[in-house]
Amino acid sequence: MTFAMKKKLYIIYIAIALFLALSCNDDSLLDVDSNTTISEDKVFQDPALIELYLNDLYLDMPNFDFSFPFGLYDNITDESRSYWGDAPRNVVQGQWFPDYNPMEYWEYGSVRNTNTFLTEIEGSPITDEERSTFKGEVKFLRAKLYFDMIKRYGGVPIITEPQDLSDDLFVNRETIDGSFEFVIKELEEAADLLPDSYGDRSTDVAKANKYAAKALLGRVLLFWASPLYNPTGDASRWTRAANMNKEVIDAGVYSLLPEFRNIMLEKNNQEEIISVQFLLGSREHGWDSWHQPDSQSKNFAVARSPVQEFVDAFEMQNGKAIDDPASGYDPTNPYENRDPRFQKTVLVNGTDFFGNTIYMYVGAIDGINEPYATITGYGLRKGTNETNTTYSGASGSDQNWIELRFAEVLLNYAEAQNEALGSPDQSVYDAVERIRQRAGLNPYQLPSGLTKDEMREKIRHERYIELAFESKRYWDLRRWKIAKEVLDGKQFSAMYITKEEDGSYAYEVKPVDGVPCVFQEKMYFMPIPQGEIEKNPNLSQNTEW
Amino acid sequence: MGLSAQYTQQEIDDIQSGVTPQTNWYDLTLKEESLQTQHNINVTGGTDAISYFMSLGYLNQQGLFDKLNFKRYSLRSNVDARVNQNLTISTSFDIRTQENNGSAYSPEKIFRDIILAYPLDVPYNPDGTIAYQREPHPLAEISTGYDEETTDVSQVNLQFEQKIPFIKGLNAIGKIGLGSEKVRDKNYLVPIYMYRQDDDGNLIEIYNAEGYNGKIALTESTNEYKTTTINASLNYNRTLVNHSVSGLFLYEQFAANGNNFSAFRTNFPVNGLDELLFGGDDGEQDANGSSFDDARRSYVFRGNYSFRSRYLLEASLRIDGSAAFPASKKYGYFPAFSAGWLLSEESFLTNSNTLSFISYLKLRASYGVVGSDRNVYDDTGRIPSFQYQQAYQVGATLISGNEPQSTITPGNLANPDITWERAAITNLGLDGSLWNGKLQFETDLFYKRTSDILEQRIRSVPGTLGASLPAENYAEVDNRGFEVALSHNNSISGFNYFVKVNGSYAKSKVVTLDEAANLPDYLRQTGRPLDFIVGYKSLGYFSTDSEVGEYLPQFNGGQQAGDVKYADVNNDGSVNSNDQTVISTDNSTPKIIGGLSFGGSYKNFDVSILFQGAAKVQKLLSDNAAIFFANGSENTFAELLDYWTPQNTDAKYPRPWEGSNPNNNLTSNLYLRDASFVRLKSVDVGYTFPTRITDKGRIDKLRVYFSGSNLFVWSKLKMFDPEFESSSGRYYPQQRTLNIGANLTF
């Protein structure tokens, strides 16, 4: 090879190399993509993927309280207290603010997901029937999200489309009435769109059907009629609420489960209207673990210690209050012959629990105020599965979270109908007595001839007992506007049980702790989160926050 | 107040006088010292045609508790072969195997649990079983189960260097590199079975705390990461009398692929059966896996010119392409320019007698832009997030109709315009050497403006949007500062010594950052240093309950004597969340850092000492370092004993409380600590054996040494090491290391 040839060859090499290097701009190299995600346009073009996204929307339904120390909403009322301090203790002390609110629920992330679904589903290749069911389900879920915000904050920004960053993001709050009206309209539409049933009860309990939408609407209408949200006392709202709840009762789809103790244990029973389902190994919660006394706890204990005031609220089995001289209540034997729901709800000293006898008297292994033990002398039994051996920490249990059950519909009806009328009619009695009969009270009948006010107290009592520890009481205290009266300045009580030499017990009531409750007038509406007030100049803060 | 006292006076007296035995969980769990061994053998050599380097290394580091240890075996080699006068071929490989063993519980958790353990609890029952603890049992955690991680890393390179014979000074280099990293991890998590004695001394209860929901669980995982780098360049370098010219064109491409796989089983029948096949067949098992790709492409053009080695000029352009950006935004263009002036070569210096002490003096100036795409990668820097797409990812499992159902959930909102971040750096420097090198200095003044910073606009976009925000090329930040390094070397009658001092000061200022629309001026980031600390301003403690009533309404009320009293910053007559303010413009990153090292050698002895320090650094205590009895009943640090009482009003901490106290737990200057420090970082003393001894053993050099690191620290902060990583005290500490070693050269 001559030098000239070599030179040419080199020039060709370099030219090829340069060409290769610079011509790679077609960029197959840099054209990589994520292997672990699915692009949005694919999602709404595929019925199977649409269902997976719909599943995700159901995941956002509130259920058991998984945030430490488990059980916030029950531990800030007259139901129970938390051993653990932290969030419930702060709320009880009135130490919650726009920038620290353990009950905060500014759930616009979930709202956006429902909005995206409702927008994108319009062009999807599915049948009209599927589309209307899907839309009904998502409208139900969105209405529930908004309702759970409205009950806290009053009016909130109502956003029904997925916004872009370029949209006007400073949305105003809707009025309280406007917000309720939106939720009511959406639930009415959902009820029209949804099927009566998906074919089997276990699906009907997990997914919204027509009756679930109506039952939730019955609850929403009841709230809207309640004093907090109905300051002018518009009586027609009570009538509307009564009618909607009556529709659900009259449909005959649901009935009370005969045994109160099994409401959470017989999964997907005839009383459940809408539930969040759990399954061991796939989605678990810690209901059985959270309520263990320390002696048999695994990685958590005593989430709820029921207070003495709650215990005292249980009537005797004969239906009479314990302060009624004719009730037969014996303070030296205080747990005998009570409303049968009592020991199905509250764990009492010296009774069996998960196979062992639990002692909570002063100085006992699970005695009051021992580390990781009850702080009131009581534990919680309601809904626990005492045959469960797999409980640990925040897992090992798979009872359903029953968001709405038929007993609530009966009570919603009774309350609304009582308020709508001058004095209670037989239908109010019937609804309340169905619950008292199932409870095992004997006689279960209410005294006849109750006034509207007397009946109101009976219904409120029945809700307190029947729906205890289902995170309902706090919202009832607020919507009735009695939270201040029931909670503020109160020092709740514990039962100190002393074991005597002869093996008998002596009972003494003392305060649970040195902390009186604080519930100020302004707290009836929660503060809009501080960060949101800072970011959105159009957002007004609630009064006095 | 309702509750009876937890301890009687007698019990308290017995504890204080030492009658009641106490458990020192630190001593029981941690070793006073742990061993570290290191061996290296290096071989170099070659002929005209071949040169080689080989190295074999071994490191064994024991941790602070049993089971914790780190081993590394490494093998490296380079071989350069000159095929002919124009072509050199080189190969290199670097292979490492690392074994990282520990308890199944992380060191951070074990430190946390040592902190939380109660001194009045005993670790074991008389029969040797594990005694019941209210908090996790650190001693049991380090002795049961394990985590074994093996990492195999290899990097193999092949390089050709070809001189182009007919253009003088031009050569071409091509390089291919193959990298591979494989991490295998086996985590055998065993619950802790605890026994409690009843009053009669019988062991009555069995607790299986922790573990996987109280059960044994085994997780095995494999992570692989493979890279291919191809690199081609043309270099030109030519000097003609006074003119020097060089140029570079470089092309580089990088492709990477990673995948991971993991398997999990639980319900093992017996502790000790630690293979997956022993796991229970009950549906509670899991297999998982995923993969990712990454790529990058760069072009670099660079030209240098110098005249008489006195005036230096350089210009370059870098074009970088990243897989993480959309097609039209993949490439970023980053130019740079620099100039240098070697003053010491100028006649006015070389000819000056008064300035003859200056042996070297160079003035430098540069301006350059660099790009970054790190903010759209995950923490490892390996996995790109493709934020220009609206993508859905796998969500949690839903149960519907009593059956597990999969879900998909939307990821962040798409940003179709996402592209490179840019930092423009201007630098001015002066380097010099005076009095024949007795004093050397390097000084740098820099100004860096980072723009198009990939940040999420979480401060300004209302939550009602409802989407997780994508990174946007939005923010701008300025950094300014200087660096100085001085060194002095000298030799006085056989005594050689050196002193080096270096220090730097840097401060940042936010030019553009999204701000919440209603944020008061005093909380705005713009115009302020990055990451200032916001909190309440403490005015000390309320000295009496009545002082609480006399003061402004503070939050929702309810304070007592000994609670923290806060300033009404906005003067609106009440203390609430609007009264937060900037409580420190310094943060946990020190603004000033410096070092001082000195040493010397005399005859066969040598010594060197290094001090390091930092200033203008503030750290905020949290969790157990700031809260009494966190989470109901957790143990806390002895420092918290300096709490407020009517007699101790000047305390570091407010009155102690049980449960929670949001008033006292707020972020305030009360919990801010100056973490400035000076640390004796290392001391190294060596002795080299005289050649007359070593020659007999055909040894070129034999040096034995003793060295120590992290020997002493001076700081106002006594509670923790001032460089602590976690403000709750839950961190694996810097250890003091003492080494004895020998270097042997044949």
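**Exercise 1. The hairpin of β10(A) and β11(A)**

Task: In this predicted model, find which residue in the hairpin of β10(A) and β11(A) takes a positive phi, and describe how the two strands pair.

Solution.
Step 1. Locate the strands: β10 covers residues 493-499 of chain A, and β11 covers residues 505-511 of chain A.
Step 2. Look at the link between them. Five residues lie between the strands, and among the residues of this hairpin Gly503(A) has a positive phi, near 90 degrees.
Step 3. Determine the pairing. The strands run in the antiparallel sense and are joined over seven bridges.
Step 4. Check one bridge: Ala494(A) has Lys510(A) of β11(A) as its partner.

**Exercise 2. A sheet built from two chains**

Task: State in which order the strands β1(A), β15(B) and β18(B) form their open sheet, and which of them are the edge strands.

Solution.
Step 1. Write down the order. The three strands are arranged as β1(A)-β15(B)-β18(B), with antiparallel pairing.
Step 2. Identify the edges. β1 (38-39) of chain A and β18 (408-410) of chain B each pair on one side only, and these are the edge strands.
Step 3. Follow the pairing across the chains. β1(A) is joined by two bridges to β15 of chain B, residues 391-394.
Step 4. Name the residues concerned. Ile38(A) has Tyr392(B) as its bridge partner, and Ser39(A) stands opposite Ala391(B).
Step 5. Add the helix. α3 of chain A, residues 47-59, lies across β1 of chain A and β18 of chain B, and runs at about 75 degrees to β18(B).

**Exercise 3. The contact between the chains**

Task: Find how many residues each chain gives to the contact, and which element of chain A gives the most.

Solution.
Step 1. Count by chain: 86 residues come from chain A and 76 residues from chain B.
Step 2. Sort the side of chain A by element. The helix α3(A) gives the most, with seven residues.
Step 3. Sort the side of chain A that touches chain B by residue type: 37 are nonpolar, 31 polar and 18 charged.

**Exercise 4. Two packed helices**

Task: Determine at what angle the axes of α9(A) and α10(A) cross, and why the pair is called roughly antiparallel.

Solution.
Step 1. Recall the description. Two packed helices are described by the angle between their axes and by the distance between those axes.
Step 2. Read both values. The axes of α9 (residues 210-225) of chain A and α10 (residues 235-251) of chain A come within 8 Å and cross at roughly 155 degrees.
Step 3. Classify the angle. Angles over 145 degrees count as roughly antiparallel, so α9(A) is roughly antiparallel to α10(A).
Step 4. Give the hand: α9(A) passes α10(A) in a left-handed crossing.
Step 5. List examples from the contact. Those from α9(A) include Tyr211(A), Leu217(A) and Leu221(A), and those from α10(A) include Trp238(A), Met244(A) and Val248(A).
Step 6. Sort the contact residues by type: 12 are nonpolar, two polar and four charged.

**Exercise 5. Burial**

Task: Find how many residues of α1(B) are buried, and what share of chain A is buried.

Solution.
Step 1. Take the helix. α1 of chain B covers residues 9-17, and the count of buried residues among its nine residues is zero, so the helix is hardly covered.
Step 2. See what follows. After α1(B) comes Gly18(B), with a positive phi near 85 degrees.
Step 3. Turn to chain A, where buried residues make up 52% of the 545 residues.

Methods. Residues are numbered from 1 along each chain as its sequence is written. Chains are lettered from A and ligands numbered from 1 in the order in which they are written. This is a predicted model: local features need pLDDT of at least 70, side-chain atom pairs count only at pLDDT 80 or more; totals for chains, interfaces and linings use all residues. Two strands pair if DSSP finds at least two bridges between them. Helices (H or I, at least four residues) and strands (E, at least two) are DSSP runs, numbered from the N terminus. Two residues are in contact if their C-beta atoms, placed from the backbone, lie within 7 Å. Axes are lines fitted to C-alpha atoms, for helices over the stretch in contact, and angles run from 0 to 180 degrees between N-to-C directions. A residue is buried if 20 or more other C-beta atoms lie within 10 Å of its own, exposed if 12 or fewer, and partly exposed in between; C-beta atoms are placed from the backbone. Ala, Val, Leu, Ile, Met, Phe, Trp, Tyr, Cys and Pro count as nonpolar, Asp, Glu, Lys and Arg as charged, and the others, Gly among them, as polar. Angles under 35 degrees count as roughly parallel, over 145 as roughly antiparallel, 65 to 115 as roughly perpendicular and the rest as oblique. A crossing is left-handed if the near helix is turned anticlockwise from the far one by less than a right angle, and right-handed if clockwise.
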